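New to this one? Here is a friendly walk through it in questions and answers.

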Amino acid sequence: MREFAVWAPKPERVRLDVDGVVYPMTRVDGGWWRATVDAMSNSRYGFLLDNDPAVLPDPRSPRQPEGVHARSQLWEPAAAAWTDNEWTGRSVEGAVIYELHIGTFTPTGTFDAAIEKLDYLADLGVDFVELMPVNSFSGTHGWGYDGVLWYSVHEPYGGPDGLVRFVDACHARGLGVLIDVVFNHLGPSGNYLPRFGPYLSSASNPWGEGINIAGAGSDEVRRYIIDCALRWMADFHADGLRLDAVHALVDTTAIHIVEELAAETDRLSQQLGRPLSLIAESDLNDPRLITPREQGGYGLTAQWDDDIHHAIHAAVSGERQGYYADFGSLATLAHTLRHGFFHAATYSSFRGRRHGRPLDTSRIPATRLLAYTCTHDQVGNRALGDRPSQNLSFGQLAVKAALVLGSPYTAMLFMGEEWGSSRPFQFFSSHPEPELAQATAEGRRKEFAQHGWEADEIPDPQDPRTFQRSKLDWDEAAAGEHARLLRLYQDLIALRRRESDFADPWLEHLDVDYDEGQRWITMRRGRFTVACNLGADAVSVPAGGEVVLASGQPSASVEHCVLPGHSFAVLRARG
């Protein structure tokens with residue numbers, strides 16, 4: 001016998017369908033319905049609401065073998081599936097994280113295919129793999145941010161069993177696993193939750209209808225979110241989560257849902273006996289997210305820092321459009337590296353208002369901020385999905401890598417960045433509904449037409465070729481300049497891991513110097529200095545010592561280092 005339960009305060013009657021047999025359910029307190037029936041361990045089931053003959057999937061479905069519109073399936077991992085009993089985990093603070101999309105990371109696009117690349121990632125030296133969303137969404141391929149059944153794993157990737165194998169294989173190689181989760185909106189296809197209860201709010205965000213986390217009936221919706229988050233870490237052994245766009249979680253209650261989730265995650269961490277990390281994506285530049293709860297913050301482990309990305313990218317590439325308008329100077333880059341945020345209660349021309357809040361660098365270590373040269377957003381949300389490696393030289397890419405990996409911040413790479421992949425990462429989808437597919441394509445064209453792009457230049461998200469173009473070409477990694485850049489990334493990561501001076505997390509110990517005219521900038525990390533020449537001409541930089549790593553052919557003395565154009569050197573003080 002097995003008990004089935006569903007929270008459904010809206011309908012007057014709920015029935016349970018298990019393998020085609022319909023059973024009545026009993027309403028209990030709080031809008032829950034329950035029934036205990038005979039069921040096999042892999043039974044297909046769903047719910048019938050009122051007099052509608054359609055069988056709807058379980059909002060907490062553990063598996064959707066035939067997609068988000070079909071019946072759910074009972075699932076539990078096999079007893080022998082896990083072999084990671086010796087895995088003790090680690091915090092993300094100070095780590096090197098590798099963000100990847102399962103569908104485009106390999107030609108096959110599955111968890112099992114990704115397992116075959118884990119030895120490569122271990123050799124690269126990264127500490128964590130961060131998966132773009134793997135929850136169930138409509139269609140065969142997409143970015144995953146339009147999920148509608150948050151508890152289940154996307155079947156084309158390999159379903160829940162595939163994810164178990166992947167996480168277990170990562171832990172066997174000493175790699176932690178982070179999973180990107182989206183709780184700020186639901187996708188447009190297969191969202192049956194409003195039929196069950198008040199899951200949606202009257203507010204909306206750029207990606208869809210908002211989630212009811214503060215209105216009437218929101219207690220169970222909040223529980224739905226928190227239980228889902230804990231499930232990834234408890235049932236699938238994930239070492240943490242990346243929380244998508246937490247600024248879109250509109251919560252007017254006294255205890256913000258992010259704070260509540262952080263507290264419950266800490267309790268789960270104590271129960272499991274291993275660290276669990278929560279990383280926020282937020283465009284607010286609000287350090288309260290990463291301030292400990294006992295100091296009045298939300299207590300998250302870390303957050304993405306787009307200001308660091310913008311400052312590095314604009315300074316190296318010269319791009320100034322859109323939100324890059326306030327960035328580009330070495331003064332801006334130096335300020336951002338020293339203080340974590342550039343916009344900290346300062347005017348943002350892109351927003352037309354003041355933005356952000358200063359970071360208390362004496363209390364919050366730099367390792368609670370993630371630095372990166374590109375992400376799925378910063379690549380995929382460009383009109384053509386073009387990577388920096390498609391527009392910049394080897395030297396410029398090397399300088400960007402040195403600024404991130406040589407900094408005190410927690411570092412993150414985006415798949416293929418380390419060898420300068422020539423493949424784009426474009427926005428792709430596979431909505432089965434023709435009208436939704438057309439609306440997605442037209443919306444994309446309209447969005448970029450406002451920025452001067454011709455409609456026929458914008459890749460059609462629904463065209464399968466857009467998805468195929470976005471898959472990594474692994475043959476590149478061993479060839480020419482690609483292989484040279486890959487070795488440089490390996491060496492930077494190894495140096496970061498090997499030398500204790502690079503583990504100092506306090507920005508008050510970071511010295512940054514620069515020359516705007518000559519286009520050089522330096523970061524001093526204890527005995528080491530990371531010197532970067534962002535200009536095309538050779539420059540003499542007032543940083544001397546022994547060269548321990550370089551991208552060009554520098555010459556160094558006790559007091560100065562001569563750097564070729566678009567190059568970097570890491571120097572260690574003599575004595």
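Q: In the protein chain, what share of contacts between residues at least 6 apart in sequence join residues at least 24 apart?
A: Quick background: this is a predicted model, where local features need pLDDT of at least 70, side-chain atom pairs count only at pLDDT 80 or more, and totals for chains, interfaces and linings use all residues. Residues are numbered from 1 along each chain as its sequence is written, and side-chain values use heavy atoms, with hydrogens and water left out. A contact means heavy atoms within 4.5 Å. Among contacts in the protein chain between residues at least 6 apart in sequence, the share joining residues at least 24 apart is 69%.

Q: How many helices and strands does the protein chain have?
A: Helices (H or I, at least four residues) and strands (E, at least two) are DSSP runs, numbered from the N terminus. Going by that, the protein chain has 14 helices and 29 strands.

Q: Why can we call the protein chain as compact as a globular protein of its length?
A: The yardstick is the globule rule, 2.2 Å times the number of residues to the power 0.38, and the radius of gyration is taken over C-alpha atoms. For 575 residues the rule gives 25 Å, so the chain counts as that compact because its own radius of gyration is close to this, at 25 Å.

Q: What percentage of the 575 residues in the protein chain is buried?
A: Buried means under 20% relative accessible area, exposed over 50%, and partly exposed in between, using a 1.4 Å probe and protein chains only. By that cut-off, the buried part of the 575 residues is 58%.

Q: Which strands stand at the edges of the open sheet with the order E1-E5-E4?
A: This is a sheet of three strands with antiparallel pairing, and two strands pair if DSSP finds at least two bridges between them. E1 and E5 pair over six bridges, while E4 and E5 (residues 32-37) do so over two. Two of the strands have a single partner each, so one side of each is left without a neighbour in the sheet: E1 (2-7) and E4 (26-27).

Q: Which residue takes a positive phi in the hairpin of E4 and E5?
A: Threonine 26 has arginine 34 in E5 as its bridge partner. The hairpin has four residues between the strands. With a positive phi near 80°, the residue is glycine 30.

Q: Which residue in E7 stands opposite arginine 44?
A: E7 belongs to an open, antiparallel sheet of four strands in the order E3-E2-E6-E7. Strand E6 (residues 44-49) pairs with E7 over two bridges. Opposite arginine 44, in E7, stands glutamine 73.

Q: What covers the buried residues of helix H9?
A: H9 (residues 330-339) has these buried residues: Leu330, Thr332, Leu333, Ala334, Thr336 and Leu337. Just after H9, glycine 340 takes a positive phi of about 85°. The cover over the buried residues of H9 includes helix H8 (306-317), helix H11 (394-405), strand E22 (511-515) and strand E23 (520-525).

Q: Is phenylalanine 448 buried or exposed?
A: Phenylalanine 448 is found in helix H12 (residues 434-449). Leaving out residues up to four places away in sequence, it touches Asn381, Arg382, Ala383, Trp453 and Ile458. The C-alpha atoms of phenylalanine 448 and asparagine 381 are separated by 10.0 Å, though the two are 67 residues apart along the chain. With a relative accessible area of 7%, phenylalanine 448 is buried.
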